[in-house]
Amino acid sequence: MTSFFEPENAQCDVAPLILCTADGHYSVDESTLAWIESHRGNFAVVACAGKYRTGKSFLLNRLAEARSGSGFGVGETVQACTKGLWVYKKFFATDDPTKHILLVDTEGIDALDADDTHDVRIFTLALLLSSVFLYNSVGAIDETAMQTLSLMTRVTNNVRVQNDVESSAAELSEHMPTFYWVLRDFALKLTDRKGNPITTDEYLEEALQATDPQRDHIRSAIRNAFPRRKLVTLPRPDQHLNNLEDRLFNIAPKFTQGIADIRHRIFRDARPLETQGKVLSAKMYSALCRHMTEVVQTNAVPVIRDSWSLMAAVQARDVRDDLIAQFCTTTDAMSKQPAHILDEKLDTLRADLMKAFDERAMPPIDAETRRVLGERLLTLAEQARVRLAKDLTEDVTAVMDSLENLIPRDVAGACTRL
């Protein structure tokens, strides 16, 4: 199958979000961020990670309902296809008309040409840039699967909520995405140690409890970092695992139904990214991508609160522009009126909009943006006053003209002669 990285397949549905060059430099793709910023409305970000060559890209393509030969790169060799983080260029609709879904694929863990540091960086980016994190693995949960997730301990140990303060698990967990562990090619019967039937989530909780304390550090990292965690299982899609993208019509019905169930569940429950209770706009998400990309390649510890100030400035500018537009819309609808009445209305409108800025702007409130808003509203108010203030002499002249029209011409002439 031709990879989407090859020129003849240029008309694909995916684009790079964050790329890493051979010399270890990470950079965002500005054209992709510009596309994201053009989106209006809330969206949740679903990122998928896992060991390379385990079918995570194929999983995302099925969630995207991608056409055969399009979507995220899927190959049949031992080489990893996805480099860095890539995004499917579509905001998927959900049953909630105010929420869309964005799908992100990540470079596989333990690829032949990657080291642990690179894997940790990719894992960190995926976690901090998503509201739903899918971890894709094959088979049952065993020690091998747990060891692959050992990166989780390095990520959670190297992320801080604020500078120079070691974050507790509870503090950090508030900023982690919902965790879905997807077990692929799963055919075992789900029972507890006594042989009683259990749910997939019960299976996950049992697997995250270690009988050997020396093996508990990875499990405890997962338990503490992800209070919102789920487990889903998928059967083998086909007995012949190669070239599945070219044979979508041969995929097992149980696998197709499983994908449909996962898609419905994630699209329904995924929450838009938030910071301090404020939903991230597309511009704020782009700013977060740039910030986190710069941080991870310097080996600095990602500090969540550092990103707050950055996104607060972006959000403040959005609120400022919205309030300025609101002022213009309101004044455009006004009619001419006496200056003293108009001044009172304009002063009240400016005060209300400044109050709205303080209520809507996310802390820390950007003082410069607030100052610019105040000055701009004052200028617009002066312009509106010039345009809308009624000249009382105009009213007097109009009244006199109307009275003159009511006086008979012979009387008016006589009055003039007198």
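The largest cavity is lined by Ala 49, Thr 106, Glu 107, Gly 108, Ile 109, Asp 119, Ile 122 and Phe 123. A cavity here is a set of points, on a 1 Å grid over the protein atoms alone, where a 1.4 Å probe fits but cannot get out, and lining residues have an atom within 4 Å of a point. The model is predicted: local features need pLDDT of at least 70 and side-chain atom pairs count only at pLDDT 80 or more, while totals for chains, interfaces and linings use all residues. Residues are numbered from 1 along each chain as its sequence is written, and side-chain values use heavy atoms, with hydrogens and water left out.

The structure holds one cavity of 30 Å³ or more. The space in the largest cavity is about 30 Å³, a volume being the space filled by probe spheres set on grid points that are joined across faces, edges and corners. Helix 3 (residues 116-128) gives the largest share of the lining, three residues. Helices (H or I, at least four residues) and strands (E, at least two) are DSSP runs, numbered from the N terminus. By type, the lining divides into four nonpolar, two polar and two charged residues; Ala, Val, Leu, Ile, Met, Phe, Trp, Tyr, Cys and Pro count as nonpolar, Asp, Glu, Lys and Arg as charged, and the others, Gly among them, as polar.

The protein has 15 helices and 13 strands. Of its 418 residues, 46% are buried, where buried means under 20% relative accessible area, exposed over 50% and partly exposed in between (1.4 Å probe, protein chains only). Among contacts (heavy atoms within 4.5 Å) between residues at least 6 apart in sequence, 74% join residues at least 24 apart.

Phe 123, one of the cavity-lining residues, also belongs to the largest nonpolar core, where Phe 123 and Trp 181 touch the most other members out of 68 residues. Helix 10 (residues 282-296) supplies the largest share of this core, eight residues. Apart from it lies another core, of 29 residues, including Val 14, Trp 86, Phe 255 and Ile 262. Such a core is a set of buried Ala, Val, Leu, Ile, Met, Phe, Trp, Tyr and Cys residues joined through side-chain atoms within 4.5 Å.

Not counting residues up to four places away in sequence, Trp 181 touches residues including Tyr 135, Met 146, Leu 204 and Val 232. Leu 204 is also one of the buried residues of helix 7 (residues 200-207), together with Tyr 203 and Ala 207. These three lie on the same side of helix 7, because they cover an arc of only 100° around the axis, taken from the directions from the helix axis to the C-beta atoms. Their cover includes helix 4 (143-148), strand 8 (178-184), helix 8 (216-225) and strand 9 (229-233).

Two residues other than glycine with positive phi are set out below.

| Residue | Phi | Loop | Relative accessibility |
|---|---|---|---|
| Asp 185 | near 50° | between strand 8 and helix 7 | 22%, partly exposed |
| Gln 276 | near 50° | between strand 10 (274-275) and strand 11 (278-279) | 34%, partly exposed |

Thr 275 lies in strand 10 and, at 8% relative accessibility, counts as buried. Leaving aside neighbours within four places in sequence, Thr 275 is in contact with Leu 280, Trp 308, Met 311 and Met 362.

A cis peptide bond joins Pro 363 and Pro 364, with omega about -5°. Pro 364 lies in the loop between helix 12 (339-360) and helix 13 (367-388).

Key:
On a 1 Å grid over the protein atoms alone, a cavity is a set of points where a 1.4 Å probe fits but cannot get out, and a pocket is an open set with protein on both sides within 12 Å along at least five of seven lines; lining residues have an atom within 4 Å of a point.
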